[in-house]
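Me: Hi! I'd like to talk through a structure with you. Can I put it up here and ask as we go?

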Amino acid sequence: MADESSARSTVTRRTFVAALAAGTAGCGRFGSREGSQSTPTDTAWSTPTDDAEPTGTVTGTSTPDGRTVVWNVASHLDDGGPSAIRDALREAGGLADGITVRITEPTYDTVTRLSRLKQRLAGGESRPDLFTISYRDLPVLRDLGYLRPVSALAPDAARAADSHLGPIRRASESVDGDTLFGLPLFVDLPTVMYRRDLAEAAGYSPGTDGWATEPMSWREWSQVIADVRDHAGVDYGFTTQWDRYIGTACCSFNEVLSSWGGAYFGGRETLFGPVGQRPVTVDEAPVVESLRMMQRFVDGTSVEGFEGYAPDIAPAAVLDWTEEPSREPVAAGRAVAHRNWPYALRRMGGPDGPFGRDLGAMPLPYARASSDAQAPAADGTTAALGGFVVAVNPHSDRHEAVRAVLDAMAEPAFLRFYAAFAGTFPPDLSLWADGLGSVPDRYLPTLRVAAENAVSQPATRVWSRQARAVADRANAAVAGEQSAAAAMAELAETLSTIEREA
């Protein structure tokens with residue numbers, strides 16, 4: 001096991017941004033490090049980072065006391081990170097004189113971190129006062145009684161969250177929606193990025209035809225991608241993630257089934273529970289058909305009834321690919337299109353990327369329009385929601401100071417700062433208007449379409465168990481190990497059993 005101090009010394013802000021973006025939705029292999037850049041440590045919280053203290057009321061001073069709030073942030077920071085965050089909190093306003101903020105760093109391993117969070121909170125530890133977690137993990141801590149409601153402690157900050165993107169706000173609340181348990185800090189959203197230059201060389205006009213904001217149907221899109229691939233003579237039409245890992249369950253499969261009008265648990269109204277009282281609907285026709293479409297894209301010859309969809313546009317390797325392995329063929333010039341998070345847009349389409357403006361972005365395609373969807377509000381183009389929230393340790397007794405810090409975090413100026421700093425996006429779409437610095441501005445219209453059609457993963461206290469089964473059966477269906485109908489029937493029984501046991 002590597003020494004943490006040496007591991008931290010190798011982490012730059014570039015590494016922080018890349019690792020944070022890749023892990024926004026918690027997309028790691030089950031039981032392994034998720035987006036980790038260092039070896040997990042044996043402590044829940046790493047050593048506080050007290051770099052040169054900034055001027056003003058927000059500092060990183062010595063021994064914590066009743067006026068010092070310890071905040072465990074979302075990921076590793078470089079040497080200037082804590083100072084930048086503290087300065088931004090101070091500049092956002094609202095902090096009384098004498099209130100200080102101390103930044104600590106977790107490991108990147110969200111699975112290990114959640115386990116150790118539960119251990120420390122169960123033991124009554126009062127530090128950190130605030131911690132940043134994926135919205136996926138919030139219900140686990142909430143249902144164990146390990147979170148102090150934000151709406152009770154900091155009502156002004158909670159009211160500010162009313163203007164945040166609906167799915168991240170809803171995922172941060174109680175099942176009945178009456179209580180806010182996590183203050184949304186940032187969101188992340190996927191797109192389909194594509195080689196604009198190859199598309200234009202094949203005779204298409206992405207700009208004139210509105211590819212950036214007008215979703216195509218899966219049928220039309222697949223034919224276009226196949227045509228561009230053949231014209232360009234590259235290896236692959238499309239690369240994505242379909243490994244047996246949580247990224248398939250939370251995100252890539254979630255998007256595809258939703259775009260067909262399907263749902264895991266009946267639709268968005270019952271997405272977050274109550275556990276044991278919601279319908280299990282993965283064996284219904286829209287979900288089954290979405291998997292058969294993906295199988296057509298990977299192994300077209302074995303799927304009937306999808307003659308209008310281009311076959312074999314994705315390699316069988318997608319069944320073993322997570323984010324980075326699926327991005328590599330695109331970066332190497334071997335693929336036309338690629339589904340991923342904005343970090344990939346920055347790497348390949350940013351000023352230092354290999355393609356620059358030749359890399360375009362479009363919303364994910366859809367199969368069924370709104371009027372044809374069977375699951376309420378699950379239709380058309382969809383984008384899996386990634387995001388983190390700030391939660392309150394119920395054992396902290398520094399209520400006044402914590403309230404002040406939460407109020408500062410809810411300020412638009414701080415949310416804009418943090419999004420640009422971390423390479424993500426504010427949870428309030430009104431803050432996107434003037435550009436963010438998270439990605440080149442030309443991609444923001446596409447990402448706004450993604451945000452307006454975002455779909456959450458069904459984050460509950462049992463989701464981590466269910467996600468394993470979802471990814472396993474979705475992978476098996478596309479691999480042809482069993483029919484999509486049989487795979488989803490088996491999955492429905494597994495999900496129902498977990499619901500009953502809970």
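Reply: Sure! One term before we start: a residue counts as exposed when its relative accessible area is over 50%, and as buried when that area is under 20%. Also keep in mind that this is a predicted model.

Me: Got it. Then which residues of α19 are exposed on the other side?

Reply: Those are R500 and E501.

Me: And which ones in α19 are buried?

Reply: The buried set in α19 is A484, A487, M488, L491, A492, L495, S496, I498 and E499. Looking down the axis of α19, these buried residues fall within an arc of 165 degrees, so they line one face of the helix.

Me: What do the buried residues of α19 pack against?

Reply: Three other helices: α11 (246–259), α12 (285–298) and α18 (463–479).

Me: How far apart are the end C-alpha atoms of α19?

Reply: They are 26 Å apart. With 18 residues (484–501) at 1.5 Å a residue, α19 should span 26 Å, which agrees.

Me: Nice. You mentioned α11, so let's go there. Is E255, which is found in that helix, buried or exposed?

Reply: E255 is buried, with a relative accessible area of 1%.

Me: What is E255 in contact with, leaving aside neighbours within four places in sequence?

Reply: Its contacts are P190, R339, L364, T382, A383 and A384. As for Q457, that residue is 202 places from E255 in sequence, and the C-alpha to C-alpha distance is 9.6 Å.

Me: R339 falls in β7, residues 335–340. How many residues of that strand are buried?

Reply: Six of the six, so β7 is largely enclosed by the rest of the structure.

Me: Which strands does β7 pair with?

Reply: One is β5 (residues 191–195), joined to β7 by four bridges and running antiparallel. In that pairing, M193 stands opposite H338. Another is β6 (residues 236–239), which runs parallel to β7 with three bridges. There, F238 stands opposite A337.

Me: Switching strands: why is β10 described as largely enclosed?

Reply: Because seven of its seven residues, 386–392, are buried. Both faces are covered: G386, F388, V390 and V392 lie on one side, with G387, V389 and A391 on the other.

Me: And what pairs with β10?

Reply: Strand β3 (residues 130–134) pairs with β10 in the antiparallel sense over five bridges, and T132 stands opposite V390. Strand β4 (residues 183–188) also pairs with β10, again antiparallel over five bridges. In the β4 pairing, F186 is opposite F388.

Me: New topic, empty space. How many cavities of 30 Å³ or more does a search of the whole structure find?

Reply: Four. The second largest holds about 70 Å³ of space. It is lined by 13 residues, and the closest to its centre are S258, A263, Y264, L271 and V455.

Me: Which element gives the most to that lining?

Reply: That would be α11, with three residues lining the second largest cavity.

Me: Last bit, the whole chain. How many helices and strands does the protein chain have?

Reply: There are 19 helices and 11 strands.

Me: And how much of the chain is made up of buried residues?

Reply: Buried residues make up 61% of the 502 in the protein chain. If you look at contacts between residues at least 6 apart in sequence, 76% of them join residues at least 24 apart.

Notes. Residues numbered from 1 in each chain as written. Predicted model: local features only at pLDDT ≥ 70, side-chain atom pairs only at ≥ 80, totals over all residues. Heavy atoms only, no water. Buried < 20%, exposed > 50% of the residue type's maximum accessible area, 1.4 Å probe, protein only. Helix = DSSP H or I, 4+ residues; strand = E, 2+ residues; numbered from the N terminus. Pairing = 2+ DSSP bridges. Expected span 1.5 Å × (residues − 1). Arc of directions from axis to C-beta. Contact = heavy atoms within 4.5 Å. 1 Å grid on protein atoms, 1.4 Å probe; cavity = no way out; pocket = protein on both sides within 12 Å on 5 of 7 lines; lining within 4 Å. Points joined across faces, edges and corners; volume = space filled by probe spheres on them.
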